[in-house]
Amino acid sequence: MAKILVIDDEAIIRDRLKSLLMLDDFDAYSAENGVEGIKIFEAEAPDVIVADIKMPKMDGIEVLRRVKAMNKNAEVIFITGHGGVDTAIEAMKEGAFGYIQKPVEYDELKIEIDKAIERQTMQGKLDAYVRELQRSVDEWEITFNCVKDCLSIHDEDFNIIKTNKAFIETFGFSEKELNVKPCYELFGCIESDVSQCLNIRSRESRVTCVKEMYHQGLNKYFEITVSPIFTKDGEFKGSVHSFKDITARKLNEEKIKASLEEKTLLLREIHHRVKNNMEIISNLIELNIDTADDQKVIDMSNEMKNRIRSMSLVHQSLYQNDNLSHINFRDYTKDLTADILNSYSVEPSAVSVTIDINDDVYIGMDTAMPCCLIINELITNSIKHAFKKTKEGRLYISMKATGHQSYELIVRDNGGGIPEGFDISKSSSLGLTLIKTLGEYQLGGKIEINGDDGMEFKLSFKELQYRKRI
Ligand SMILES: Nc1ncnc2c1ncn2[C@@H]1O[C@H](COP(=O)(O)OP(=O)(O)O)[C@@H](O)[C@H]1O
Ligand SMILES: [Mg+2]
(Lines give C-alpha, C1' and ligand atoms only; values in the text may rest on other atoms or scores of the structure.)
(Ligands and ions follow the chains in the order given, each with its own letter.)
Protein backbone atom coordinates (compact mmCIF):
# COMPACT_ATOMS: atom_id res chain seq x y z
CA MET A 1 0.00 0.00 0.00
CA ALA A 2 1.17 3.52 -0.74
CA LYS A 3 2.70 5.55 2.07
CA ILE A 4 1.35 9.04 2.68
CA LEU A 5 2.92 11.65 4.96
CA VAL A 6 0.77 14.56 6.17
CA ILE A 7 2.69 17.64 7.43
CA ASP A 8 0.62 20.38 8.99
CA ASP A 9 1.04 22.50 12.09
CA GLU A 10 -2.73 22.43 12.67
CA ALA A 11 -3.32 19.25 14.68
CA ILE A 12 -7.02 18.99 13.76
CA ILE A 13 -6.32 18.92 10.05
CA ARG A 14 -3.29 16.66 10.44
CA ASP A 15 -5.08 14.07 12.59
CA ARG A 16 -8.26 14.12 10.53
CA LEU A 17 -6.44 13.52 7.28
CA LYS A 18 -4.29 10.79 8.78
CA SER A 19 -7.36 8.94 10.12
CA LEU A 20 -9.20 9.23 6.80
CA LEU A 21 -6.17 8.03 4.86
CA MET A 22 -5.83 5.06 7.17
CA LEU A 23 -9.47 4.25 6.64
CA ASP A 24 -8.66 4.14 2.94
CA ASP A 25 -5.94 1.61 3.67
CA PHE A 26 -3.01 3.94 3.13
CA ASP A 27 0.03 3.74 5.42
CA ALA A 28 -0.37 7.22 6.83
CA TYR A 29 2.18 9.24 8.81
CA SER A 30 1.95 12.77 10.20
CA ALA A 31 4.29 15.50 11.27
CA GLU A 32 3.63 18.91 12.80
CA ASN A 33 6.32 20.84 10.93
CA GLY A 34 8.80 20.58 8.04
CA VAL A 35 11.78 19.52 10.14
CA GLU A 36 9.88 16.62 11.68
CA GLY A 37 8.36 15.82 8.30
CA ILE A 38 11.79 15.48 6.66
CA LYS A 39 12.90 13.12 9.44
CA ILE A 40 9.89 10.87 8.80
CA PHE A 41 10.52 11.16 5.05
CA GLU A 42 14.09 9.92 5.55
CA ALA A 43 12.93 7.06 7.75
CA GLU A 44 9.81 5.88 5.91
CA ALA A 45 10.30 7.07 2.32
CA PRO A 46 6.62 7.92 1.71
CA ASP A 47 5.32 8.04 -1.85
CA VAL A 48 3.21 11.17 -1.44
CA ILE A 49 3.61 14.11 0.96
CA VAL A 50 0.58 16.26 1.76
CA ALA A 51 2.04 19.45 3.21
CA ASP A 52 0.89 22.81 4.41
CA ILE A 53 2.88 25.73 2.97
CA LYS A 54 3.09 28.08 5.87
CA MET A 55 4.58 26.28 8.82
CA PRO A 56 6.95 27.19 11.63
CA LYS A 57 10.61 25.99 11.56
CA MET A 58 10.55 24.88 7.90
CA ASP A 59 7.89 25.87 5.39
CA GLY A 60 6.32 23.61 2.78
CA ILE A 61 8.44 24.95 -0.13
CA GLU A 62 11.65 24.02 1.67
CA VAL A 63 10.18 20.60 2.40
CA LEU A 64 9.47 20.22 -1.32
CA ARG A 65 13.03 21.15 -2.25
CA ARG A 66 14.55 18.73 0.21
CA VAL A 67 12.20 15.91 -0.73
CA LYS A 68 12.92 16.34 -4.46
CA ALA A 69 16.65 16.43 -3.74
CA MET A 70 16.35 13.08 -1.98
CA ASN A 71 13.85 11.34 -4.28
CA LYS A 72 12.67 12.89 -7.52
CA ASN A 73 9.74 10.51 -7.74
CA ALA A 74 8.16 11.40 -4.40
CA GLU A 75 5.19 13.67 -5.04
CA VAL A 76 4.23 16.68 -2.92
CA ILE A 77 0.64 17.99 -2.76
CA PHE A 78 0.18 21.30 -0.97
CA ILE A 79 -2.77 22.29 1.15
CA THR A 80 -3.04 26.02 1.44
CA GLY A 81 -5.29 28.76 2.80
CA HIS A 82 -6.94 31.32 0.55
CA GLY A 83 -4.01 33.68 0.64
CA GLY A 84 -1.50 31.05 -0.39
CA VAL A 85 -2.68 30.31 -3.94
CA ASP A 86 0.06 32.33 -5.59
CA THR A 87 2.69 30.63 -3.48
CA ALA A 88 1.17 27.26 -4.37
CA ILE A 89 1.39 28.08 -8.07
CA GLU A 90 5.03 29.02 -7.59
CA ALA A 91 5.52 25.72 -5.79
CA MET A 92 4.08 23.87 -8.79
CA LYS A 93 6.85 25.42 -10.87
CA GLU A 94 9.35 23.98 -8.41
CA GLY A 95 7.97 20.49 -8.91
CA ALA A 96 4.95 20.15 -6.65
CA PHE A 97 2.34 17.75 -7.98
CA GLY A 98 -0.69 19.87 -7.06
CA TYR A 99 -2.40 21.94 -4.43
CA ILE A 100 -5.74 21.98 -2.64
CA GLN A 101 -7.29 24.91 -0.90
CA LYS A 102 -8.36 24.76 2.71
CA PRO A 103 -10.77 23.74 4.03
CA VAL A 104 -9.62 20.37 2.62
CA GLU A 105 -12.30 18.21 1.10
CA TYR A 106 -10.96 14.72 1.72
CA ASP A 107 -12.45 13.30 -1.50
CA GLU A 108 -10.77 16.03 -3.49
CA LEU A 109 -7.46 15.25 -1.78
CA LYS A 110 -7.94 11.53 -2.34
CA ILE A 111 -8.38 12.09 -6.10
CA GLU A 112 -5.20 14.16 -6.16
CA ILE A 113 -3.30 11.48 -4.17
CA ASP A 114 -4.52 8.73 -6.54
CA LYS A 115 -3.38 10.78 -9.53
CA ALA A 116 0.03 11.30 -7.93
CA ILE A 117 0.38 7.58 -7.26
CA GLU A 118 -0.68 6.77 -10.83
CA ARG A 119 1.91 9.18 -12.15
CA GLN A 120 4.51 7.52 -9.93
CA THR A 121 3.56 4.10 -11.26
CA MET A 122 3.77 5.39 -14.85
CA GLN A 123 7.05 7.10 -14.10
CA GLY A 124 8.35 3.85 -12.56
CA LYS A 125 7.41 1.94 -15.70
CA LEU A 126 8.98 4.62 -17.89
CA ASP A 127 12.19 4.56 -15.81
CA ALA A 128 12.37 0.76 -16.10
CA TYR A 129 11.82 1.02 -19.85
CA VAL A 130 14.52 3.69 -20.21
CA ARG A 131 16.90 1.58 -18.08
CA GLU A 132 16.24 -1.46 -20.28
CA LEU A 133 16.70 0.64 -23.39
CA GLN A 134 19.96 2.02 -22.06
CA ARG A 135 21.11 -1.47 -21.10
CA SER A 136 20.44 -2.78 -24.59
CA VAL A 137 22.12 0.27 -26.17
CA ASP A 138 25.17 -0.31 -23.94
CA GLU A 139 25.16 -3.99 -24.76
CA TRP A 140 24.95 -3.25 -28.47
CA GLU A 141 27.73 -0.67 -28.19
CA ILE A 142 29.97 -3.10 -26.29
CA THR A 143 29.34 -5.86 -28.82
CA PHE A 144 29.90 -3.49 -31.76
CA ASN A 145 33.20 -2.37 -30.27
CA CYS A 146 34.28 -5.90 -29.34
CA VAL A 147 34.33 -6.98 -33.00
CA LYS A 148 37.92 -7.27 -34.20
CA ASP A 149 37.01 -6.34 -37.78
CA CYS A 150 36.48 -2.67 -38.62
CA LEU A 151 32.77 -1.89 -38.82
CA SER A 152 31.02 1.18 -40.13
CA ILE A 153 27.37 2.00 -40.64
CA HIS A 154 26.49 4.35 -43.52
CA ASP A 155 23.31 6.27 -44.24
CA GLU A 156 21.53 6.37 -47.61
CA ASP A 157 23.83 9.19 -48.78
CA PHE A 158 26.92 7.12 -47.95
CA ASN A 159 27.78 9.23 -44.89
CA ILE A 160 29.42 7.23 -42.13
CA ILE A 161 27.11 7.51 -39.16
CA LYS A 162 28.71 5.02 -36.81
CA THR A 163 32.05 3.24 -36.52
CA ASN A 164 33.45 0.77 -34.04
CA LYS A 165 36.67 0.98 -32.04
CA ALA A 166 38.63 -1.17 -34.48
CA PHE A 167 37.64 1.12 -37.37
CA ILE A 168 38.89 4.25 -35.58
CA GLU A 169 42.08 2.54 -34.41
CA THR A 170 42.87 1.06 -37.82
CA PHE A 171 42.02 3.94 -40.14
CA GLY A 172 42.66 6.70 -37.59
CA PHE A 173 39.94 9.07 -38.81
CA SER A 174 38.99 11.74 -36.30
CA GLU A 175 35.35 12.07 -35.26
CA LYS A 176 35.25 15.41 -37.09
CA GLU A 177 36.41 13.87 -40.35
CA LEU A 178 33.90 11.05 -40.05
CA ASN A 179 31.05 13.43 -39.36
CA VAL A 180 31.56 15.57 -42.38
CA LYS A 181 32.49 13.33 -45.26
CA PRO A 182 30.80 10.47 -47.05
CA CYS A 183 32.77 7.22 -47.18
CA TYR A 184 33.92 7.54 -50.80
CA GLU A 185 35.68 10.79 -49.98
CA LEU A 186 37.39 9.29 -46.96
CA PHE A 187 38.64 6.26 -48.87
CA GLY A 188 38.99 8.01 -52.22
CA CYS A 189 37.57 4.95 -53.93
CA ILE A 190 34.86 6.42 -56.14
CA GLU A 191 37.27 8.60 -58.12
CA SER A 192 39.17 5.58 -59.36
CA ASP A 193 36.26 3.46 -60.51
CA VAL A 194 32.59 3.94 -59.64
CA SER A 195 31.70 0.40 -60.68
CA GLN A 196 34.05 -0.85 -57.99
CA CYS A 197 32.03 0.88 -55.28
CA LEU A 198 30.52 -1.87 -53.16
CA ASN A 199 28.10 0.57 -51.62
CA ILE A 200 26.54 1.28 -55.02
CA ARG A 201 26.72 -2.36 -56.05
CA SER A 202 25.02 -3.65 -52.92
CA ARG A 203 22.41 -0.89 -53.15
CA GLU A 204 21.57 -1.77 -56.75
CA SER A 205 21.76 -5.54 -56.42
CA ARG A 206 20.10 -5.43 -52.97
CA VAL A 207 22.42 -8.19 -51.76
CA THR A 208 25.63 -8.34 -49.73
CA CYS A 209 28.73 -7.64 -51.84
CA VAL A 210 32.30 -8.62 -51.04
CA LYS A 211 35.63 -7.55 -52.49
CA GLU A 212 39.28 -7.42 -51.55
CA MET A 213 41.07 -4.11 -51.31
CA TYR A 214 44.66 -3.06 -50.83
CA HIS A 215 45.11 0.01 -48.59
CA GLN A 216 48.30 1.70 -49.69
CA GLY A 217 48.65 3.97 -46.64
CA LEU A 218 48.41 1.07 -44.21
CA ASN A 219 50.06 -1.45 -46.54
CA LYS A 220 47.29 -3.88 -45.66
CA TYR A 221 44.79 -6.03 -47.52
CA PHE A 222 41.15 -5.98 -46.46
CA GLU A 223 38.18 -8.08 -47.37
CA ILE A 224 35.26 -5.66 -47.45
CA THR A 225 31.72 -6.88 -47.01
CA VAL A 226 28.88 -4.44 -47.60
CA SER A 227 25.34 -5.40 -46.60
CA PRO A 228 22.53 -3.05 -47.62
CA ILE A 229 19.92 -2.06 -45.02
CA PHE A 230 16.29 -1.77 -46.09
CA THR A 231 13.21 -0.63 -44.21
CA LYS A 232 10.21 -2.94 -43.86
CA ASP A 233 8.84 -1.27 -47.01
CA GLY A 234 12.00 -2.13 -48.91
CA GLU A 235 13.38 1.40 -48.95
CA PHE A 236 17.19 1.67 -48.94
CA LYS A 237 18.33 3.09 -45.61
CA GLY A 238 22.09 2.67 -45.78
CA SER A 239 24.59 -0.11 -45.32
CA VAL A 240 26.83 -1.95 -42.89
CA HIS A 241 30.47 -2.28 -43.90
CA SER A 242 32.95 -4.71 -42.44
CA PHE A 243 36.67 -4.56 -43.16
CA LYS A 244 38.51 -7.79 -42.36
CA ASP A 245 42.28 -7.58 -42.27
CA ILE A 246 43.44 -10.38 -44.58
CA THR A 247 47.05 -9.21 -44.94
CA ALA A 248 48.52 -12.34 -43.31
CA ARG A 249 46.36 -14.63 -45.45
CA LYS A 250 47.25 -12.68 -48.60
CA LEU A 251 50.97 -12.87 -47.91
CA ASN A 252 50.67 -16.60 -47.23
CA GLU A 253 48.71 -17.06 -50.45
CA GLU A 254 51.43 -15.24 -52.35
CA LYS A 255 54.08 -17.44 -50.75
CA ILE A 256 52.12 -20.60 -51.58
CA LYS A 257 51.56 -19.38 -55.14
CA ALA A 258 55.24 -18.64 -55.59
CA SER A 259 56.21 -22.00 -54.12
CA LEU A 260 53.66 -23.77 -56.34
CA GLU A 261 55.00 -22.01 -59.42
CA GLU A 262 58.51 -23.00 -58.42
CA LYS A 263 57.48 -26.64 -57.93
CA THR A 264 55.58 -26.68 -61.23
CA LEU A 265 58.66 -25.37 -62.95
CA LEU A 266 60.77 -27.99 -61.23
CA LEU A 267 58.41 -30.79 -62.21
CA ARG A 268 58.40 -29.58 -65.81
CA GLU A 269 62.16 -29.49 -65.69
CA ILE A 270 62.33 -33.05 -64.32
CA HIS A 271 60.06 -34.38 -67.09
CA HIS A 272 62.23 -32.53 -69.58
CA ARG A 273 65.40 -34.07 -68.18
CA VAL A 274 63.94 -37.59 -68.05
CA LYS A 275 62.85 -37.18 -71.65
CA ASN A 276 66.34 -35.92 -72.60
CA ASN A 277 68.00 -38.83 -70.82
CA MET A 278 65.79 -41.27 -72.67
CA GLU A 279 66.69 -39.54 -75.91
CA ILE A 280 70.35 -40.05 -75.01
CA ILE A 281 69.76 -43.79 -74.42
CA SER A 282 67.89 -43.89 -77.70
CA ASN A 283 70.79 -42.21 -79.49
CA LEU A 284 73.28 -44.62 -77.93
CA ILE A 285 71.22 -47.53 -79.29
CA GLU A 286 71.18 -45.74 -82.66
CA LEU A 287 74.97 -45.63 -82.60
CA ASN A 288 74.95 -49.38 -81.93
CA ILE A 289 72.67 -49.93 -84.90
CA ASP A 290 75.07 -48.01 -87.14
CA THR A 291 77.91 -50.36 -86.28
CA ALA A 292 75.90 -53.63 -86.30
CA ASP A 293 75.94 -56.04 -89.27
CA ASP A 294 73.47 -58.58 -88.01
CA GLN A 295 69.95 -57.73 -89.22
CA LYS A 296 68.44 -59.41 -86.12
CA VAL A 297 70.47 -57.17 -83.85
CA ILE A 298 69.51 -54.14 -85.94
CA ASP A 299 65.79 -55.03 -85.75
CA MET A 300 65.93 -55.70 -82.01
CA SER A 301 67.80 -52.47 -81.41
CA ASN A 302 65.28 -50.52 -83.49
CA GLU A 303 62.38 -51.97 -81.48
CA MET A 304 64.15 -51.17 -78.23
CA LYS A 305 64.75 -47.64 -79.46
CA ASN A 306 61.04 -47.24 -80.24
CA ARG A 307 60.03 -48.52 -76.81
CA ILE A 308 62.23 -45.91 -75.17
CA ARG A 309 60.91 -43.29 -77.55
CA SER A 310 57.31 -44.14 -76.68
CA MET A 311 58.17 -43.60 -73.01
CA SER A 312 60.07 -40.39 -73.63
CA LEU A 313 57.05 -39.07 -75.55
CA VAL A 314 54.96 -39.44 -72.37
CA HIS A 315 57.36 -37.17 -70.50
CA GLN A 316 57.40 -34.74 -73.41
CA SER A 317 53.64 -34.64 -73.40
CA LEU A 318 53.66 -33.94 -69.65
CA TYR A 319 56.07 -31.01 -69.69
CA GLN A 320 54.59 -29.45 -72.80
CA ASN A 321 51.11 -29.19 -71.32
CA ASP A 322 49.50 -27.46 -68.38
CA ASN A 323 48.60 -30.76 -66.78
CA LEU A 324 51.76 -32.19 -65.28
CA SER A 325 50.36 -35.51 -64.14
CA HIS A 326 47.95 -36.57 -66.92
CA ILE A 327 48.46 -36.80 -70.67
CA ASN A 328 45.96 -36.03 -73.38
CA PHE A 329 45.67 -39.52 -74.79
CA ARG A 330 44.45 -38.55 -78.23
CA ASP A 331 47.34 -36.17 -78.88
CA TYR A 332 49.81 -38.64 -77.48
CA THR A 333 48.55 -41.53 -79.63
CA LYS A 334 48.66 -39.33 -82.77
CA ASP A 335 52.28 -38.37 -82.08
CA LEU A 336 53.32 -41.92 -81.21
CA THR A 337 51.73 -43.44 -84.34
CA ALA A 338 53.38 -40.85 -86.60
CA ASP A 339 56.67 -41.44 -84.85
CA ILE A 340 56.64 -45.24 -85.27
CA LEU A 341 55.49 -45.08 -88.91
CA ASN A 342 58.30 -42.65 -89.55
CA SER A 343 60.88 -44.84 -87.81
CA TYR A 344 59.91 -47.75 -90.11
CA SER A 345 59.99 -45.37 -93.09
CA VAL A 346 56.37 -46.11 -93.90
CA GLU A 347 54.94 -43.67 -96.44
CA PRO A 348 52.07 -41.77 -94.79
CA SER A 349 49.86 -42.65 -97.77
CA ALA A 350 50.54 -46.37 -97.36
CA VAL A 351 48.68 -46.69 -94.08
CA SER A 352 45.46 -44.94 -93.17
CA VAL A 353 45.31 -44.34 -89.47
CA THR A 354 42.08 -43.75 -87.55
CA ILE A 355 42.42 -42.54 -84.03
CA ASP A 356 39.07 -42.69 -82.25
CA ILE A 357 39.78 -41.07 -78.92
CA ASN A 358 37.89 -38.16 -77.41
CA ASP A 359 39.85 -35.02 -76.72
CA ASP A 360 38.88 -35.11 -73.06
CA VAL A 361 40.54 -38.44 -72.31
CA TYR A 362 43.36 -37.67 -69.92
CA ILE A 363 45.28 -40.59 -68.41
CA GLY A 364 47.51 -40.42 -65.34
CA MET A 365 51.20 -41.03 -65.82
CA ASP A 366 51.24 -44.38 -63.97
CA THR A 367 48.56 -45.82 -66.27
CA ALA A 368 49.70 -44.03 -69.39
CA MET A 369 53.20 -45.54 -69.38
CA PRO A 370 52.16 -49.25 -69.74
CA CYS A 371 49.33 -48.25 -72.14
CA CYS A 372 51.78 -46.43 -74.36
CA LEU A 373 54.24 -49.32 -74.41
CA ILE A 374 51.40 -51.72 -75.35
CA ILE A 375 50.27 -49.44 -78.20
CA ASN A 376 53.86 -49.17 -79.35
CA GLU A 377 54.17 -52.99 -79.52
CA LEU A 378 50.86 -53.34 -81.34
CA ILE A 379 51.56 -50.64 -83.96
CA THR A 380 55.04 -52.08 -84.49
CA ASN A 381 53.53 -55.54 -85.01
CA SER A 382 50.99 -54.17 -87.48
CA ILE A 383 53.78 -52.54 -89.51
CA LYS A 384 56.08 -55.54 -89.19
CA HIS A 385 53.65 -58.42 -89.66
CA ALA A 386 50.31 -57.14 -90.94
CA PHE A 387 51.06 -54.53 -93.58
CA LYS A 388 53.78 -56.48 -95.32
CA LYS A 389 51.21 -58.37 -97.35
CA THR A 390 48.57 -55.64 -97.49
CA LYS A 391 48.57 -52.89 -100.08
CA GLU A 392 46.27 -50.55 -98.24
CA GLY A 393 47.09 -50.78 -94.58
CA ARG A 394 44.43 -49.63 -92.14
CA LEU A 395 45.14 -49.02 -88.53
CA TYR A 396 42.41 -48.27 -86.02
CA ILE A 397 43.16 -47.19 -82.47
CA SER A 398 40.44 -46.30 -79.96
CA MET A 399 40.28 -45.62 -76.27
CA LYS A 400 36.82 -45.30 -74.75
CA ALA A 401 35.70 -44.68 -71.22
CA THR A 402 33.49 -47.59 -70.10
CA GLY A 403 32.76 -46.35 -66.60
CA HIS A 404 34.29 -44.28 -63.85
CA GLN A 405 38.02 -44.34 -64.62
CA SER A 406 37.49 -47.55 -66.67
CA TYR A 407 38.65 -47.73 -70.26
CA GLU A 408 38.74 -50.04 -73.24
CA LEU A 409 41.69 -49.79 -75.61
CA ILE A 410 41.29 -51.28 -79.08
CA VAL A 411 44.04 -51.58 -81.70
CA ARG A 412 43.01 -53.17 -84.96
CA ASP A 413 44.69 -53.71 -88.34
CA ASN A 414 43.51 -55.21 -91.63
CA GLY A 415 46.44 -57.57 -92.13
CA GLY A 416 46.53 -61.32 -92.39
CA GLY A 417 45.85 -61.88 -88.72
CA ILE A 418 47.57 -64.50 -86.61
CA PRO A 419 49.34 -67.14 -88.75
CA GLU A 420 47.81 -70.59 -88.66
CA GLY A 421 49.08 -72.79 -85.89
CA PHE A 422 50.37 -69.84 -83.87
CA ASP A 423 49.19 -70.00 -80.24
CA ILE A 424 49.36 -66.58 -78.67
CA SER A 425 48.85 -67.84 -75.12
CA LYS A 426 51.91 -70.01 -75.42
CA SER A 427 54.00 -67.44 -77.28
CA SER A 428 57.14 -66.43 -75.47
CA SER A 429 58.18 -63.75 -77.98
CA LEU A 430 59.13 -60.47 -76.35
CA GLY A 431 56.42 -58.24 -77.88
CA LEU A 432 53.44 -60.34 -76.79
CA THR A 433 55.03 -61.17 -73.43
CA LEU A 434 55.46 -57.47 -72.80
CA ILE A 435 51.85 -56.80 -73.80
CA LYS A 436 50.56 -59.51 -71.44
CA THR A 437 52.79 -58.45 -68.54
CA LEU A 438 51.88 -54.78 -68.84
CA GLY A 439 48.18 -55.33 -69.60
CA GLU A 440 47.34 -58.07 -67.18
CA TYR A 441 49.80 -57.66 -64.36
CA GLN A 442 50.76 -54.03 -64.27
CA LEU A 443 47.35 -52.62 -65.23
CA GLY A 444 45.30 -55.53 -63.86
CA GLY A 445 43.29 -55.49 -67.10
CA LYS A 446 41.67 -58.10 -69.35
CA ILE A 447 43.11 -58.82 -72.80
CA GLU A 448 41.17 -60.22 -75.76
CA ILE A 449 42.94 -60.95 -79.05
CA ASN A 450 41.09 -61.83 -82.20
CA GLY A 451 43.36 -62.76 -85.08
CA ASP A 452 40.88 -64.27 -87.54
CA ASP A 453 40.18 -61.25 -89.72
CA GLY A 454 43.13 -58.97 -89.39
CA MET A 455 44.35 -58.52 -85.87
CA GLU A 456 42.20 -57.03 -83.15
CA PHE A 457 43.49 -56.38 -79.69
CA LYS A 458 41.24 -55.29 -76.81
CA LEU A 459 42.32 -54.32 -73.34
CA SER A 460 39.84 -53.41 -70.61
CA PHE A 461 41.35 -51.78 -67.57
CA LYS A 462 40.84 -49.35 -64.72
CA GLU A 463 43.04 -46.33 -64.23
CA LEU A 464 45.66 -47.00 -61.53
CA GLN A 465 45.34 -45.00 -58.33
CA TYR A 466 48.29 -42.88 -57.43
CA ARG A 467 50.38 -44.56 -54.75
CA LYS A 468 52.72 -42.55 -52.53
CA ARG A 469 56.19 -43.89 -53.02
CA ILE A 470 58.06 -41.68 -50.63
N1 LIG B 1 49.26 -57.56 -86.16
C2 LIG B 1 49.75 -58.77 -86.45
N3 LIG B 1 49.44 -59.36 -87.63
C4 LIG B 1 49.91 -60.55 -87.92
N5 LIG B 1 50.66 -61.27 -87.12
C6 LIG B 1 51.01 -60.77 -85.92
C7 LIG B 1 50.55 -59.49 -85.53
N8 LIG B 1 51.06 -59.26 -84.30
C9 LIG B 1 51.77 -60.32 -83.94
N10 LIG B 1 51.77 -61.23 -84.91
C11 LIG B 1 52.41 -62.52 -84.85
O12 LIG B 1 52.75 -62.81 -83.49
C13 LIG B 1 54.12 -62.98 -83.37
C14 LIG B 1 54.63 -62.54 -82.04
O15 LIG B 1 54.70 -61.16 -81.99
P16 LIG B 1 55.68 -60.44 -81.05
O17 LIG B 1 55.60 -61.10 -79.73
O18 LIG B 1 55.43 -59.02 -81.11
O19 LIG B 1 57.10 -60.80 -81.64
P20 LIG B 1 57.82 -60.17 -82.87
O21 LIG B 1 57.06 -58.99 -83.29
O22 LIG B 1 59.15 -59.85 -82.39
O23 LIG B 1 57.78 -61.25 -83.89
C24 LIG B 1 54.74 -62.32 -84.54
O25 LIG B 1 55.97 -62.89 -84.89
C26 LIG B 1 53.69 -62.48 -85.59
O27 LIG B 1 53.83 -63.78 -86.22
MG1 LIG C 1 56.55 -57.48 -81.99
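Reader: Happy to dig into this one with you! Is A45 buried or exposed?

Author: Glad to help; keep in mind that this is a predicted model. A45 has 12 other C-beta atoms within 10 Å. A residue counts as exposed at 12 or fewer, so A45 is exposed.

Reader: Where does A45 lie, and what is its phi?

Author: A45 sits in the loop that joins α2 (34-44) to β3 (48-52). Although A45 is not a glycine, its phi is positive, at about 45°.

Reader: What about F158, buried, exposed or partly exposed?

Author: F158 also has a positive phi, about 75°, without being a glycine. Its place is the loop between β6 (150-155) and β7 (160-163). With 19 other C-beta atoms within 10 Å, and with 20 or more needed for a buried residue, F158 is partly exposed.

Reader: Which peptide bond is cis?

Author: Look at the loop between β5 (98-101) and α5 (106-146), where P103 is placed. The omega there is near -5°, and the cis bond runs from K102 to P103.

Reader: How many residues of α5 are buried?

Author: α5 has 41 residues and spans 59 Å from its first C-alpha to its last, close to the 60 Å expected at 1.5 Å a residue. This helix is hardly covered. The buried residues are L109, E112, I113 and A116, giving a count of four.

Reader: And which strands do those buried residues of α5 pack against?

Author: The strands include β5 (98-101), which is separated from α5 by the loop holding P103. The full set for the buried residues of α5 is β1 (3-7), β3, β4 (75-80) and β5.

Reader: Now the open sheet of five strands: which strands stand at its edges?

Author: The order is β12-β14-β15-β17-β16, with mixed pairing. Two strands have a single partner each, so one side of each lacks a neighbour in the sheet. Those edge strands are β12 (351-357) and β16 (446-450).

Reader: What is the bridge partner of I355 in β14?

Author: β12 and β14 (393-403) pair in the parallel sense, over seven bridges. In β14, the partner of I355 is I397.

Reader: Which strands does helix α14 touch?

Author: Two helices are worth a look here. Helix α13 (329-343) lies across β12 and β14, running at about 165° to β12. Helix α14 (365-386) also packs on the sheet, and its direction makes about 15° with that of β15. The strands touched by α14 are β14, β15 (406-413) and β17 (455-462).

Conventions:
Residues are numbered from 1 along each chain as its sequence is written. Chains are lettered from A and ligands numbered from 1 in the order in which they are written. This is a predicted model: local features need pLDDT of at least 70, side-chain atom pairs count only at pLDDT 80 or more; totals for chains, interfaces and linings use all residues. Two strands pair if DSSP finds at least two bridges between them. Two residues are in contact if their C-beta atoms, placed from the backbone, lie within 7 Å. Axes are lines fitted to C-alpha atoms, for helices over the stretch in contact, and angles run from 0 to 180 degrees between N-to-C directions. The expected span of a helix is 1.5 Å times one less than its number of residues.
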